[in-house]
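Biologist: I am new to this structure. Please walk me through the terms as we go.

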Amino acid sequence: MAESNGNKSRMPHIQLPEDLGIEYAVLPGDPARVDRVAACLEQAEFLVFNREYKSVKGLYHGIPVLVMSTGMGGPSTAIAVEELHRIGVKAAVRIGSCGALLPDIHLGDLVFAKGAVRDEGTSLGYAPLSYPAVPDFGLLMALQSSARELGIPWHMGIVRSHDCLYRDENPEIYENWAKKGVAASDMETAALFVVGGIRGMRTASVLNVVSCRGGDVSRDIGQYASGMNITAGGEEREILTALGALKKINDERKC
């Protein structure tokens with residue numbers, strides 16, 4: 001239920017009003033990344049920062065776009081998707097980080113998720129494991145087209161979403177999923193796809209590789225957060241790819 005704030009009703013967690021009137025969203029996990037996306041927008045305007053949800057609105061080639069962080073993990077991502085749906089967001093692209101599970105995927109590469117292994121708890125609260133965690137096909141194709149036009153290479157594959165970054169058995173788990181052809185690992189994509197699918201929101205996920213196969217994930221993520229290595233370039237590429245994809249699906253509506 002929305003909370004009343006003066007004459008406007010606001011969502012209880014993201015604190016955005018029901019009448020925001022923006023249909024497209026870019027969803028980084030890290031609140032600090034919101035500012036870096038905002039730098040690519042015209043007329044960028046800070047909206048609110050509540051809990052892990054920091055939001056900015058602006059224009060990309062004249063198209064209104066919302067940028068909002070989701071925090072870390074499935075639960076906060078699901079809350080974000082639920083409340084964005086309630087304020088009228090129709091399409092959302094996650095721009096996140098991931099660890100590569102396959103040897104031909106390198107630091108700073110982009111991975112487009114064509115599906116997600118639901119190895120986390122949030123999506124199970126919405127649907128049995130037989131329900132697929134998949135992106136909107138049109139939005140996924142728009143990501144590919146956007147990357148091609150920008151000259152940005154990418155990988156397409158299944159990602160595994162999980163809840164335990166520091167699990168002792170992680171090296172063995174990663175190896176097991178790699179043998180099954182799973183390309184990368186994150187913590188949010190499965191929840192995004194399942195909740196988005198159930199609520200009728202078009203979703204897609206583009207991930208920046210911050211840790212290579214066999215790498216130290218906690219160390220590599222720390223370096224990524226500080227902008228110290230090549231993964232900072234991957235972040236810029238995923239931002240531009242996501243914004244370009246949203247423009248494409250908007251342009252298609254005009255045809």
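Biologist: How many bridges join strand 4 (residues 42–50) to strand 5?

Modeller: Six bridges join them, and the two strands run antiparallel. Strands pair if DSSP finds at least two bridges between them, so these two count as paired. Strands (E, at least two residues) and helices (H or I, at least four) are DSSP runs, numbered from the N terminus. One bridge matches glutamate 42 with leucine 59 in strand 5.

Biologist: What is this model based on?

Modeller: This is a predicted model: local features need pLDDT of at least 70, side-chain atom pairs count only at pLDDT 80 or more, and totals for chains, interfaces and linings use all residues. Residues are numbered from 1 along each chain as its sequence is written, and side-chain values use heavy atoms, with hydrogens and water left out.

Biologist: Which strand does strand 5 join on its way to residues 63–68?

Modeller: That is strand 6, antiparallel to strand 5 and joined to it by six bridges. Here leucine 59 has proline 64 as its bridge partner.

Biologist: Why is strand 5 called largely enclosed?

Modeller: Six of the eight residues of strand 5 (residues 53–60) are buried, so the rest of the structure largely encloses it. Buried means under 20% relative accessible area, exposed over 50%, and partly exposed in between (1.4 Å probe, protein chains only).

Biologist: What is found in the turns on either side?

Modeller: Strand 4 and strand 5 form a hairpin with two residues between the strands, where arginine 51 takes a positive phi near 55°. Strand 5 and strand 6 also form a hairpin with two residues between them. In that turn, histidine 61 has a positive phi of about 50°.

Biologist: What makes histidine 61 exposed?

Modeller: Its relative accessibility is 55%, so histidine 61 counts as exposed. Histidine 61 sits in the loop between strand 5 and strand 6.

Biologist: Which residue in strand 4 has a positive phi although it is not a glycine?

Modeller: Glutamine 43, with a phi of about 55°. Glutamine 43 lies in strand 4. At 67% relative accessibility, glutamine 43 is exposed.

Biologist: How many aromatic pairs does a search of the whole structure find?

Modeller: The search finds one. Phenylalanine 112 and tryptophan 154 form a stacked pair, 5.6 Å centre to centre with 15° between the planes. Rings of Phe, Tyr and Trp (its six-membered ring) pair if their centres lie within 6.5 Å; planes under 30 degrees apart count as stacked, over 60 as edge-to-face and the rest as tilted. Both values meet the cut-offs, so the pair is called stacked.

Biologist: Where in the chain are the two partners?

Modeller: They are 42 residues apart. Phenylalanine 112 is in strand 8 (residues 110–119), and tryptophan 154 is in the loop between helix 3 (137–150) and strand 9 (155–162). Phenylalanine 112 is buried at 0% relative accessibility, while tryptophan 154 is partly exposed at 24%.

Biologist: Why does lysine 180 count as lying over the face of tryptophan 177?

Modeller: Lysine 180 is 5.8 Å from the ring centre and lies over the face. The rule asks for NZ of Lys or CZ of Arg within 6 Å of the ring centre and within 35 degrees of the ring normal.

Biologist: How many disulfides does the search find?

Modeller: Zero. A disulfide is a pair of cysteine sulfur atoms within 2.5 Å. The sulfur of cysteine 164 is 18 Å from the closest cysteine sulfur, in cysteine 98, so it is too far for a bond. For cysteine 212 the closest cysteine sulfur is also in cysteine 98, at 9.9 Å, again too far for a bond.

Biologist: How many residues does the largest nonpolar core have?

Modeller: It has 36 residues. A nonpolar core is a set of buried Ala, Val, Leu, Ile, Met, Phe, Trp, Tyr and Cys residues joined through side-chain atoms within 4.5 Å. Among those with the most contacts inside it are Ile14, Leu66 and Met68. Helix 5 gives the most to this core, with five residues.

Biologist: What does leucine 66 touch?

Modeller: Leaving aside neighbours within four places in sequence, leucine 66 is in contact (heavy atoms within 4.5 Å) with residues including Leu16, Tyr24, Leu47, Val56 and Leu84.
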